[in-house]
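Here's a friendly tour of the spaces and packed regions in a protein model. Have the sequence and the 3D view ready as you read.

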Amino acid sequence: MVKKYPFSTKAAKAMIAATIALTPVATTTAGLFGADKAEAAQVQYDVHFNTPQALVDYAKSIYTPIKNDENVVKTVAALKETTATEWNTIAQPVLQIPGADPTEVQNAAALLHLLLNKQTGVLTTENVQQFITVTRDNFNGATEEDYLQYLENVEEAIYEYYVTNGASVTSEPTFNMVKGILTAVQSAEDPSEDDKIRSEIVRTIKTDDTSVRAAVELLETTLEGHGANETVVKAAGQQFALQWLTKYGYTPSTGGGGGVTPPPPVPVQPNPDGSVVVTPVPTEGTNEVVVTIPAAVESQIVAATPANAPAVVIEVPNREDGKPVVLDIPASLAAAIQAKAPAADIVIDAGDVKYVIPLSKVDLTALAAGLGGNLSALTLRINIDELTAAEANSLEDLIQAKAAGTAAASSETKAASIVSGVEVKAPAVKVKVQLAQNGTVLSELKSFGNVYVNQELTIDGSVNTNNATGVVVAADGSLKALPTTFKTEDGKQVAVVGTLANTDGVYTVIESSVTFPDVNNGKNWAEKYIETLSSKFIIAGTTAGTYKPDQDMTRSQFAVLLSRALGLPGTTAYDGRFKDVKGDEWFNTNGEFMAAVKYGIIAGKPNGTFAPNDKVTRAEAAAMIGRALELDFINFDESQLNKSKKLADFKDVKEIGASTRAEVLKVYQAGIMSGASNKEFNPNDYTKRDQMARILAEFLIKANLMENIK
């Protein structure tokens, strides 16, 4: 049975609030501890929390020299007058109260209450022993040594947060130290088995800036009501910061921003969701801004990454002064993250542009094998080159001109002549991935294997998701649509653009509106499907500017459209497998047909032909879609299938050939295709252009490659 901390959740919230409130007078009671950790900082004291008394002595050594300071006295007096109800109000913003386990809240409160006593110099050995005794069962039997080492690690983590973030001792001591302490509690290494102590706490505390600032504002308002105005509290916080920094050998700067003078190491910060944020220090070169991750920081990143981390986020600057940003990621770091957090992505965050490497799906060993197999010596070099506003405008003009005047080899590659505007709605960016060794580029990495790599592009304003899509634009303005979904982050619309290949060209998001006179205003039942896919540049009209929804599709046309919808990399090197396909026909001009062959989406006839000009039957269309759902990089959720649906639901089930039955059943259960009103599937009927639009759209939606059509 789990032992509960002996006070209510309300009291727990009060204790957490008390910790926040006293943080300004404790500011940076943190440091590098022990001679082995202190050499670089020239620490003058060998401090280890190897006994409760050592922890008490440490707290007194920080507090005693300034305990008579007028501002400290006034602040402490104001804190003593603050009621439990007031503490409860102050604590609310930094506690994850809805759904939180009361035991976790109480454990967090117990730890923070201990830190409160320590930081104000009133800690006693009885406080330490009580904390350990009461919470030990909650922490599943962690030892006293585990507790003390964890508290020592918390102190070091506060120090690291303070220095690496340039936390000020003059401008925002309250905010910086509240954020620092709450972050340290979550990030400090836990020596106990299976991370027993820290894991009970991190889910309870919020560390985002909005929550921390809200708590600090409530605190300052409360203390002002008890006679300690903002100036008094700020001065007390500065006193503690200056006392600690001076003691540990630093000369703090109190002018201007008031930050610490030593150059900061690369910060590694945990997020409440388990992800880790890394902000390397960039170096501006002549032609580019280079961001590297020193070897010493690799271990910090790996240590800070929990096993369930969803991502390691590496922050890099936005492009400035026309210089692209180059990030070097050691392959050894990627491998270490992959081993420790198997589901984690690596996210390169350049502000409005994010490049997401799905690390769990990447075979790093295979990448290295092609270059001698020495993974530890390789570096992934990510080049992110965002276009300037002027360059983006020129790109938009180029796209519009191309869309309006493209001559086509067939009706399926002809851009509809009635496109209503094409606007660039997101940052336009060139991305190049290379493999390097000792600073020398060995090769360009065209793909990470059969896996979608996402670019997340923040939308300028907003878009109608029916009409918008991510694209890669070639030098002549021609574009290739890419699978795109949308989400909202921080109140902004973000396009998630998937690509299977690192293609030369410019990636962006465009919005357009397409309609056809023989479809518009309800003239055809599939109007919304046709207009959506046309606006996304997946399907197109005829050379006459109409759509001809009743026209039958050919096998080659359907294969090309499916290849295009998936954004398959073009493969122009035809392997000659079909007796009736030369490889230079219109349907393989951009390699779309051969791509569908390569990925196993299309198959030939028993006689060795493909019959590209034959009309595609409904069963054949279902077979192509069904095979596409089986592709590894699609990650189709099989739980979407309605297993209550059976082929026997169709009166003409016997007409469905054995070679297509499995695929027909899957697309039927997935809701991508259905039967006619007479309860027949009509497997041998031809697939018309309006039917194709619905089938293709429903497939993309069910495969999470396109938003629902509104």
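What follows looks at the open pocket, then the enclosed cavities, then the nonpolar cores. Keep in mind that this is a predicted model.

## The largest pocket

Let's start with the largest pocket, which holds about 1300 Å³ of space. Its lining is made of 50 residues, and the closest to the pocket's centre are Val-347, Lys-354, Glu-456, Lys-487 and Glu-489.

Which elements give two or more residues to that lining? One helix is on the list, α9 (173-187), along with the strands β1 (268-270), β5 (311-315), β7 (345-349), β8 (353-357), β13 (453-458), β16 (484-489) and β17 (492-499). The top contributor is β17, with 5 residues. As for chemistry, the pocket lining splits into 20 nonpolar, 15 polar and 15 charged residues.

## The cavities

Searching the whole structure turns up 3 cavities of 30 Å³ or more. The largest cavity comes in at about 80 Å³. Around it sit Thr-469, Ala-481, Leu-482, Pro-483, Thr-484, Lys-536, Ile-538, Arg-564, Ala-565, Leu-700, Leu-705 and Met-706. Two elements, β15 (479-482) and α18 (555-566), give two or more residues each to this lining. Here the mix is 8 nonpolar, 2 polar and 2 charged residues.

The second largest cavity has a volume of about 50 Å³. Its walls are Ala-331, Leu-364, Leu-367, Ala-368, Leu-375, Leu-378, Leu-380 and Leu-435. That lining has 8 nonpolar residues, with no polar and no charged ones. Both α15 (364-369) and β9 (378-386) supply at least two of the lining residues, and α15 gives the most, with 3.

## The nonpolar cores

Some background first: in soluble globular proteins, nonpolar side chains tend to be buried together. In this model, the largest nonpolar core has 70 residues, and Ile-539, Leu-566, Ile-601 and Phe-699 have the most contacts inside it. The elements giving two or more residues to this core are the helices α17 (527-535), α18, α19 (592-598), α20 (618-629), α21 (661-669) and α22 (689-702). Of these, α22 gives the most, with 8 residues.

What does Ile-539 touch, once neighbours within four places in sequence are set aside? Its contacts are Ile-530, Leu-533, Ser-534, Tyr-547, Leu-561, Met-692, Ala-693 and Leu-696. Apart from this core lies another one, of 55 residues, including Val-297, Ile-337, Leu-435 and Val-453. You've met Leu-435 already, in the lining of the second largest cavity.

Technical notes. Residues are numbered from 1 along each chain as its sequence is written. Side-chain values use heavy atoms; hydrogens and water are left out. On a 1 Å grid over the protein atoms alone, a cavity is a set of points where a 1.4 Å probe fits but cannot get out, and a pocket is an open set with protein on both sides within 12 Å along at least five of seven lines; lining residues have an atom within 4 Å of a point. Grid points are joined across faces, edges and corners, and a volume is the space filled by probe spheres set on the points. Helices (H or I, at least four residues) and strands (E, at least two) are DSSP runs, numbered from the N terminus. Ala, Val, Leu, Ile, Met, Phe, Trp, Tyr, Cys and Pro count as nonpolar, Asp, Glu, Lys and Arg as charged, and the others, Gly among them, as polar. A nonpolar core is a set of buried Ala, Val, Leu, Ile, Met, Phe, Trp, Tyr and Cys residues joined through side-chain atoms within 4.5 Å. Buried means under 20% relative accessible area, exposed over 50%, partly exposed in between (1.4 Å probe, protein chains only). Contact means heavy atoms within 4.5 Å.
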